[in-house]
Amino acid sequence: MMRGARRNDIIIVMTYTTLSQQQEDSSASSATDVVVTHDLTKRFNDRAVVDSLDLRIPAGCVYGFLGPNGSGKSTTMKMILGLLVPTSGEVDLFGRRARG
């Protein structure tokens, strides 16, 4: 699930899970989410590079970001990894709030 991409951005999220992982996920709670963002936003001056991104990556999935230069792929990864402080929003890693 991904919300917050601007109209001219192309962001494709790819996911791969095994059949056994899908069976486990159907009986597991959201505690198996590895990465969760809520309204994640990064602004540089008056330009929103990432705008209100909601993202959920379950355990066992492989995700990738694809898009043109300047669409916010690297900025999103830097915020998830704690290398860049978000302007607003939240990042949870393995069920714990990440601090910026």
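Buried means under 20% relative accessible area, exposed over 50%, and partly exposed in between, with a 1.4 Å probe and protein chains only. The model is predicted: local features need pLDDT of at least 70, side-chain atom pairs count only at pLDDT 80 or more, and totals for chains, interfaces and linings use all residues. Residues are numbered from 1 along each chain as its sequence is written, and side-chain values use heavy atoms, with hydrogens and water left out.

**View 1. The whole chain holds two helices and five strands.** Helices (H or I, at least four residues) and strands (E, at least two) are DSSP runs, numbered from the N terminus. The order from the N terminus is β-α-β-β-α-β-β. Of the 100 residues, 27% count as buried. Contact means heavy atoms within 4.5 Å. Take the contacts between residues at least 6 apart in sequence: 64% of them join residues at least 24 apart. The chain exposes about 6,600 Å², an area from the Shrake-Rupley method with a 1.4 Å probe, where for residues only the protein chains shown count as cover. Carbon and sulfur atoms supply 53% of that exposed area.

**View 2. The largest nonpolar core has 11 residues.** A nonpolar core is a set of buried Ala, Val, Leu, Ile, Met, Phe, Trp, Tyr and Cys residues joined through side-chain atoms within 4.5 Å. The members here are Val35, Leu40, Val49, Val50, Leu53, Leu55, Ile57, Phe65, Met79, Ile80 and Val91. E2, E3 and H2 each supply at least two of them. E3 gives the largest share, five residues.

**View 3. Helix H2 spans residues 73-81 and has a buried side.** Thr75, Thr76, Met79 and Ile80 are its buried residues. They lie on the same side of H2 because they cover an arc of only 135° around the axis. That arc is taken from the directions from the helix axis to the C-beta atoms. Which strands help to cover the buried residues of H2? The cover includes E2 (33-44), E3 (47-58) and E4 (88-93). Glycine 82 comes just after H2 and takes a positive phi of about 80°.

**View 4. Met77, Leu81 and Leu83 make a nonpolar surface patch.** The patch measures about 330 Å². Patches are made of residues with over 30% relative accessible area and no salt bridge; like charges are joined within 9 Å, and nonpolar side chains (Val, Leu, Ile, Met, Phe, Trp, Tyr) within 5 Å. A salt bridge is a side-chain nitrogen of Lys or Arg within 4 Å of a carboxyl oxygen of Asp or Glu. Leucine 81 sits in helix H2. Is leucine 81 buried or exposed? Leucine 81 is exposed, at a relative accessible area of 59%. From leucine 81 to alanine 98 is 17 residues in sequence and 8.7 Å in space, C-alpha to C-alpha.

**View 5. Asparagine 45 and serine 52 take positive phi values.** Most residues other than glycine have a negative phi. Asparagine 45 has a phi near 60°. Asparagine 45 lies in the loop between E2 and E3. With a relative accessible area of 79%, asparagine 45 is exposed. Serine 52 has a phi near 55°. Serine 52 is placed in strand E3. At 22% relative accessibility, serine 52 counts as partly exposed.
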